[in-house]
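Here is a friendly walk through the model you are about to see. Have your viewer ready and follow along.

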Amino acid sequence: MFRFKTIAFLIIVVAMILPACAPAAPKAGLDCAPNCEYKDLVVGFLQTGSEGGWRAANTGSFKETAEQLGLTLKFYDSKNDLATQVAGFNQFIQDDEVNVIVLAALETTGWEDVLKQAKEAGKIVVIEDRRIDAPEDLYATYIGSDFALEGRNGADEMCKLLESMEGKNVWELVGNVGSSAAKDRGQGFREKMSACGIEITKSQTANWSITEGKQVTEAWLKETQDVQGIFAQNDEMGLGAIEALKEAGLKPGVDVKILTFDATGGAFKSMLAGEINVSVECNPQLAPQVYEAALKAANGEDLPAWVPSQEGIFRADDPNLPTIAEGRTY
Ligand code: AHR
């Protein structure tokens, strides 16, 4: 009996001591929590690299807002190369000054290891613009578009545009392979296109670029002119396709309907000229939300896993388009 009591007592003592020995869960937030301010944030921003008007507006949003808020921004240009972007991520993990890392991911995969290392190093990570395939507990939050929804909306718009046309052959100009924007817009469009009998008869990446958009479309036009719609995953590739169509003697917006994504200034100019028919907006001005989320995380506050961007759809046949265009800031 005495032995039993001794063992029971020892078990109780150990159970009480153990929690005190276990390594403390990483403290939520930065050392300045819960009173961190924007001036305490040193943000390492991993941008994709230059792509077009949208990317320039996104970069501008981060640089201008950092100045306005008085936080320190270390800007990293990944030159559209995934290995370079991962190397930049590691660089920011090693950088003792950096306490927040913001990632605009070139591709959805390949991030788990560096995210784990960043967490162990006590860095706050915020994903912006493009989602990634990694466990949500490895980053504070994702702030960006619902690209699949954009794709579904795009298909609905293309169905309306092709209503009066006999054929429903659509050519797809894809963004950079592996990015969530390209994957999800394509998947979303395919989810809805059969509703009106659309067929994607050609699909190829043009890397978000106006030059490649033109080259790819030119090559297709040499094979056939049996196309009724162009599904360009951003404005620039759509503007390239328009040049190729015109050189082939086709009337963009009339003979061939043009759907793009982003709704940048270039798209508005083209819609007012009746060439792009519809542009589905993708909002590049994400910095204020991203920095606000980073500050909340710095102060140990919980954040939703995803903060979707608020976006619209713009149509060339909208009588208010000229007025809307005047009010655009990118
Ligand atoms: O991730 C958003 C996409 O990236 C935009 O639609 C495109 O223009 C940019 O390059």
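## The two disulfides

C32 and C36 are joined in a disulfide, with their sulfur atoms 2.0 Å apart. This is a predicted model, so it is worth keeping that in mind throughout. The link of C32 and C36 is right-handed, with 100° about the S-S bond. Its two ends differ in burial class: C32 counts as partly exposed because its relative accessibility is 27%, while C36 has a relative accessible area of 6% and is therefore buried.

A search of the whole structure gives two disulfides, and C159 with C196 forms one of them, the sulfur atoms being 2.1 Å apart. The torsion about the S-S bond of C159 and C196 is about -80°, so this disulfide is left-handed. C159 sits in helix α5 (residues 147-161) and C196 in the loop between α6 (180-193) and β7 (199-205), so the pair ties together parts that are 37 residues apart in sequence. C159 is buried, at 13% relative accessibility, whereas C196 is partly exposed, at 22%. Counting bonded cysteines along the chain, the disulfides follow the pattern 1-2, 3-4. Another cysteine to look at is C282, which is buried with a relative accessible area of 2%.

## Helix α5

What span should α5 have at 1.5 Å a residue? Its 15 residues should cover 21 Å, and the end C-alpha atoms are indeed 21 Å apart, so the two values agree.

C159 is one of the buried residues of this helix. The others are F147, A148, E150, G151, G154, A155, E157, M158 and L161. F147 also appears among the residues around the ligand, so you will meet this residue again below.

## Helix α2 and what covers it

Helix α2 runs over residues 53-69. The helix has 17 residues and reaches 24 Å from its first C-alpha to its last, close to the 24 Å expected at 1.5 Å a residue. Just after α2, G70 takes a positive phi of about 80°.

Which residues of α2 are buried? They are W54, R55, A57, N58, T59, G60, S61, F62, T65 and A66. An α-helix has 3.6 residues a turn, so residues three or four places apart point the same way. The cover over the buried residues of α2 includes the strands β1 (42-47), β2 (72-77), β3 (100-103), β4 (124-129) and β9 (257-262), along with helix α10 (287-298).

## The ligand and its surroundings

Which residues are found around the ligand? They are E51, W54, R55, D129, R130, F147, A181, R185, W208, N234 and D262. Of these, W54 and R55 are also buried residues of α2.

If you are setting up an interaction list, here are three polar pairs to include. R55 has a polar side-chain atom 3.0 Å from an oxygen atom of the ligand. In the side chain of D129, an N or O atom is 2.8 Å from an oxygen atom of the ligand. For R185, a polar side-chain atom lies 2.8 Å from an oxygen atom of the ligand. Taken alone, the ligand exposes 280 Å², and the protein buries 99% of that.

## D95 in its loop

D95 is placed in the loop between α3 (82-94) and β3. Is D95 buried or exposed? At 19% relative accessibility, D95 counts as buried, because the cut-off for that class is under 20%.

Leaving out residues up to four places away in sequence, D95 touches K74 and K123. With K74 there is also a polar contact of 2.7 Å, which joins the two side chains.

## The chain as a whole

Stepping back, the protein chain holds eleven helices and twelve strands. Along the principal axes, its C-alpha atoms fill a box of roughly 95 × 50 × 35 Å. Of the 330 residues, 50% count as buried.

Among contacts between residues at least 6 apart in sequence, 75% join residues at least 24 apart. The accessible surface of the chain comes to about 15,300 Å², and 54% of that belongs to carbon and sulfur atoms.

Notes: Residues are numbered from 1 along each chain as its sequence is written. This is a predicted model: local features need pLDDT of at least 70, side-chain atom pairs count only at pLDDT 80 or more; totals for chains, interfaces and linings use all residues. Side-chain values use heavy atoms; hydrogens and water are left out. Helices (H or I, at least four residues) and strands (E, at least two) are DSSP runs, numbered from the N terminus. The expected span of a helix is 1.5 Å times one less than its number of residues. Buried means under 20% relative accessible area, exposed over 50%, partly exposed in between (1.4 Å probe, protein chains only). Contact means heavy atoms within 4.5 Å. A polar contact is a pair of N or O atoms within 3.5 Å; within protein, one must be able to donate a hydrogen and the other to accept it, and residues adjacent in sequence count only if both atoms are side-chain atoms. A disulfide is a pair of cysteine sulfur atoms within 2.5 Å. A residue is near a molecule or strand if one of its heavy atoms lies within 4 Å of it. Accessible areas come from the Shrake-Rupley method with a 1.4 Å probe; for residues, only the protein chains shown count as cover.
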